[in-house]
Amino acid sequence: MSVMSTILDGKKVAAAWRLETQIRVSQLLEHQVVPGLAVVLVGHDPASEIYVRNKVKQATKIGIYSVVKRLPEDTSEVALLQVIRELNADPEIDGILVQLPLPDQIDEETILLAVDPNKDVDGFHPYNFGRLWSGQRGLVPATAAGIMKLLADYRISVAGKNALVIGRSLIVGRPLAALLLAANATVTIAHSQTQNVAQLAQQADIVVAALGVPKYVTSDFIKPGAVVIDVGTNRVDGKLVGDVDFDSVASKAAFITPVPGGVGPMTIAALLSQTVDLAQKRQ
Ligand SMILES: NC(=O)C1=CN([C@@H]2O[C@H](COP(=O)(O)OP(=O)(O)OC[C@H]3O[C@@H](n4cnc5c(N)ncnc54)[C@H](OP(=O)(O)O)[C@@H]3O)[C@@H](O)[C@H]2O)C=CC1
Ligand SMILES: Nc1nc(=O)c2c([nH]1)NC[C@@H]1CN(c3ccc(C(=O)N[C@@H](CCC(=O)O)C(=O)O)cc3)C=[N+]21
């Protein structure tokens, strides 16, 4: 027996969310407040270029003023710190996002610490990360926020569920685990040294794949009726492939996100919404 699962349509939910954000932007404009977003891109990682272009395009479309600071691959830490200080001091900028990863000569921790925690729209500053893990409200990394919104929109309850998050990066795995915990899930975090990930997944009501290994999660990982969230965005032969083997898993899961059109658009919508939250605080 093979039952098709419900596809969690991130593209659709993100479009509706952007519309809500756009309304909030027009209300701010009536008060002469233009939300401002700065994206800092060091080097020219082609994937990063695409995301940055999408972010800026969608921000502009809903009335957010956005600037991209493009810096060469060989930029020094000192030079990057100078750019961040200028953005911290710029009254037109509400949100600052430093695209990761950074080139080797730049220490990530130093840079994340330099961003004004009140403008840290990515939620990567240790102050905001600490708040997140303390269960306090604040700025939350966009991918994790986007996934929680997608679950909420489909009325998928998290409380009391077993959730497995595969991946423990600053960008996705850790913040998502914190949000699932705050929503009263029982959370397990798997990483590259975890034994028997498949066995852990078989116990899980919610499986999140955020490891960056194409089609890693196959149907034998999945408990029938589980919710499967695919964060993976891997280029394989020019095609976008998730961390989940969609075709096999879709016949076993109750809900599943596609790639593309799942978590990716929600990430951008979350970023825009949080930029406007910050602009509302300015006002
Ligand atoms: N759709 C979206 O909005 C976004 C998509 N992405 C995509 O999500 C994926 C993950 O990104 P990101 O978190 O930045 O990746 P990282 O490479 O920073 O982290 C990967 C994590 O997965 C773990 N891992 C790697 N291999 C395995 C394995 N075989 N079994 C279990 N765990 C493993 C690593 O463990 P360890 O810590 O031990 O090294 C690490 O914690 C990528 O495909 C990326 O492109 C990322 C951000 C946003
Ligand atoms: N400081 C920082 N913040 C980030 O949020 C951040 C980052 N650095 N570094 C890189 C990752 C990756 N990321 C994605 C955002 C959108 C899509 C996205 O829109 N994906 C579309 C497809 C886009 C395409 O065609 O490539 C989709 O899945 O439908 C994907 C990935 C944010 N990241």
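Here is a walk through this structure, from its overall build to its two ligands.

The model you are looking at is predicted. Let us start with the whole protein. Its secondary structure adds up to 10 helices and 11 strands. The C-alpha trace spans about 60 × 45 × 40 Å along the principal axes. How does the radius of gyration fit with a compact globule? For 283 residues such a globule would have a value near 19 Å, and the protein has 19 Å, so the two agree. Inside, 44% of the 283 residues count as buried. Among contacts with a separation of 6 or more, 69% join residues that are 24 or more positions apart.

Next, the domains. The protein is divided into domain 1, covering 32-116, and domain 2, covering 141-264. Their centres, taken over C-alpha atoms, are separated by 28 Å. The UniProt record, an unreviewed entry, adds an annotation of its own: residues 141-282 carry the label "domain: Tetrahydrofolate dehydrogenase/cyclohydrolase NAD(P)-binding". Over residues 141-282 the chain is 37% helix and 18% strand, and the C-alpha atoms at the two ends are 20 Å apart.

The unreviewed UniProt entry also places the feature "binding site" at Gly167, Arg168, Ser169 and Thr233. Two of these residues are worth a visit. Glycine 167 sits in the loop between strand E5 (162-166) and helix H7 (173-182). Arginine 168 has its place in the loop between E5 and H7 too. Are they buried or exposed? A residue needs 20 or more other C-beta atoms within 10 Å to count as buried. Glycine 167 has 23 other C-beta atoms within 10 Å, so it is buried. Arginine 168 has 17 within 10 Å, and is therefore partly exposed.

Their contacts can be traced as well, leaving aside neighbours within four places in sequence. Glycine 167 is in contact with Val172, Gly173, His191, Ala210 and Leu211. For arginine 168, the partners are Gly173, Arg174, Ile189 and His191.

Now turn to tyrosine 216, found in the loop between strand E7 (206-209) and strand E8 (227-230). With 19 C-beta neighbours inside 10 Å, tyrosine 216 counts as partly exposed. Not counting residues up to four places away in sequence, tyrosine 216 touches Ala209, Leu211 and Asp243. Leu211 also appears among the contacts of glycine 167. Tyrosine 216 and alanine 198 are 18 residues apart along the chain, and their C-alpha atoms are separated by 9.9 Å.

With those residues in mind, look at ligand 1. It is surrounded by 25 residues, of which the closest are Gly167, Ser169, Ser192, Gly212 and Thr267. Gly167 and Ser169 are also named in the UniProt "binding site" feature. Which helix gives the most to the shell around ligand 1? That is helix H10 (residues 263-282), with 3 residues. By class, the shell around ligand 1 holds 10 nonpolar, 14 polar and 1 charged residues.

Our last stop is ligand 2, which has 21 residues around it; Tyr51, Leu100, Pro260, Gly264 and Thr267 are the closest. Thr267 is listed among the closest residues to ligand 1 as well. Several elements supply at least two residues each to the shell around ligand 2: helix H2 (46-61), strand E4 (95-98), helix H6 (142-153) and H10. Domain 1 and domain 2 each provide at least three residues of this shell. Its residues divide into 12 nonpolar, 8 polar and 1 charged.

Technical notes. Residues numbered from 1 in each chain as written. Chains lettered and ligands numbered in written order. Predicted model: local features only at pLDDT ≥ 70, side-chain atom pairs only at ≥ 80, totals over all residues. Rg over C-alpha atoms; globule rule 2.2 N^0.38 Å. Buried ≥ 20, exposed ≤ 12 C-beta atoms within 10 Å, placed from the backbone. Contact = placed C-beta atoms within 7 Å. UniProt positions renumbered as here; feature names shortened; annotations may be inferred. Near = placed C-beta within 6 Å. Nonpolar A, V, L, I, M, F, W, Y, C, P; charged D, E, K, R; others polar. Domains from an automatic or database assignment.
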